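Below is a short note for a colleague who has not looked at this structure before. Please read it with the model open.

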There are 2 protein chains.
Amino acid sequence: MSQGSGSQVTAVRSRRRLNRAVKEALRELGIQLTRLSRGVGERLDLRGGDLQCLDLITRYGPISPSALSRQAGLHPATLTGILDRLQLGGWIARDRDPDDRRSVVVRAEHGRGAEILRLYLVDSGMNAAMDQVCAQYAVEELELVARFLSQTARAGAVAADTLGGSRA
Amino acid sequence: MSQGSGSQVTAVRSRRRLNRAVKEALRELGIQLTRLSRGVGERLDLRGGDLQCLDLITRYGPISPSALSRQAGLHPATLTGILDRLQLGGWIARDRDPDDRRSVVVRAEHGRGAEILRLYLVDSGMNAAMDQVCAQYAVEELELVARFLSQTARAGAVAADTLGGSRA
DNA sequence: TCGTATAATATGGAAAGCATATCATATGGA
DNA sequence: TCCATATGATATGCTTTCCATATTATACGA
């Protein structure tokens, strides 16, 4: 009995330790992704918030400025300025929403998105580095990792909504 | 032979697909962590760059402003302003470096770091959400995930250095 | 010891952020 | 239908932040 409960205790401790390790690694990852993002922004002459919005547009667009401001947690007026700059730089286009003529839909200009991704991934070496990392894992393991990352992203989205949403 | 090479091809394709899936999930995760971070910053009355720096200080500090500006990819003069605000808010302290009297070391004020973490993790529900996610995985699986995350963070660090470093 | 390099900060002009006002359009109810 | 109110985007003006440059203090090599 002492051995059985002993290894149970060990398992629980391992799990606790791993929970912490995962969270810690996640925090570190966040820091590094932020740094990477800033580097990319600098190359493209885009300030922090601008790149974040562009990223959101390429991913979730076409999208209205108001929806975007909620997503990004930015003041609507701030967003007008950001969109002005992105439009001036040829990154995005603003179209009128046919269904609601007050509204505008923002979409990424074709071809430009690829430029970001290339910088993000290729020029920085991140793409090759990730291929190397992935190569170390079996297919089933990568499946696991991808699933974990998606779940974590979703958890982050919910958490961000919780924080940002209560601002109303 | 046709069957053997066929399943080989399938395996290669799976791997390609998973590589893409992992990168995509990583990008999504980056977006969500950025959103979460902004939400936290808003609660603490800290703008984007300020929180990023504070995060770096709590993690790598005590650290000199110049080293910090390199890490964060910010202009030294910008950093002075950021540190002024962080100091005014009681988040950090500036001490003279005993070895080099030109230099300053910045360190996080005790107790405050915990406040950030609490907001990041607890108030936003991220902590509980991550516990739930982790609970779905076996100990060995978590071990795998933690290793992957660390490797990815390191890859991100190298990539960010590559982009930022060539600015010199 | 002197010239040069480095670290941090001060200064001032440019840019960005944000609260508020404004204008156009939508929507629900009398 | 008409009107009151709500909503979406942007304009305006003030405040804050950013950043190139200059400045001050210290280190270090010739």
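The points below cover the chain contact, the two DNA strands and one helix pair.

1. Status of the model. This is a predicted model, and the values below should be read with that in mind.

2. Contact between the protein chains. Chain A and chain B each bring 74 residues to their contact. About 7,300 Å² is buried between the two chains, and carbon and sulfur atoms give 62% of that area. On the chain B side, the residues that lose the most area to chain A are B:R35, B:R59 and B:L163. Together these three make up 11% of what that side buries.

3. Surroundings of DNA strand C. There are 17 residues around DNA strand C. The nearest are A:H75 and A:T78 from chain A, with B:P65, B:S66 and B:R102 from chain B. Sugar or phosphate accounts for 70% of the strand C atoms within 4 Å of the protein, and bases for the rest. By class, the residues of this surface are five nonpolar, six polar and six charged.

4. Polar contacts to strand C. Phosphate oxygens of DNA strand C have polar side-chain atoms of both chains beside them: one of B:S66 at 2.5 Å, one of A:T78 at 2.7 Å and one of A:R85 at 3.0 Å. Two or more residues of the surface near this strand come from each of α4 of chain A, α3 (65–72) of chain B and α4 of chain B.

5. Surroundings of DNA strand D. The residues surrounding DNA strand D number 17. A:P65, A:S66, A:R102, B:H75 and B:R85 are the closest. Of the strand D atoms that come within 4 Å of the protein, 69% belong to sugar and phosphate. The surface near strand D has five nonpolar, six polar and six charged residues. Its contributors of at least two residues each are α3 (65–72) and α4 (76–88) of chain A and α4 (76–88) of chain B.

6. Polar contacts to strand D. A polar side-chain atom of B:R85 is 2.9 Å from a phosphate oxygen of DNA strand D. For A:S103, an N or O atom of the side chain is 3.3 Å from a phosphate oxygen of this strand. B:R101 instead places a backbone N or O atom 3.1 Å from a phosphate oxygen of strand D.

7. A helix pair in chain B. How do α5 (residues 112–123) and α6 (residues 126–135) of chain B pack? Their axes are 4 Å apart, at an angle of about 55 degrees, so the two helices are oblique to each other. B:Y120, B:L121 and B:V122 of α5 meet B:M126, B:N127 and B:A128 of α6. This contact has five nonpolar residues, one polar and no charged.

Key. Residues numbered from 1 in each chain as written. Chains lettered and ligands numbered in written order. Predicted model: local features only at pLDDT ≥ 70, side-chain atom pairs only at ≥ 80, totals over all residues. Heavy atoms only, no water. Near = heavy atom within 4 Å. Polar contact = N/O pair within 3.5 Å; in protein donor to acceptor, adjacent residues only side chain to side chain. Nonpolar A, V, L, I, M, F, W, Y, C, P; charged D, E, K, R; others polar. Axes fitted to C-alpha atoms, helices over the stretch in contact; angles between N-to-C directions. Parallel < 35°, antiparallel > 145°, perpendicular 65-115°, else oblique. Contact = heavy atoms within 4.5 Å. Buried area = accessible area lost by both parts, 1.4 Å probe.
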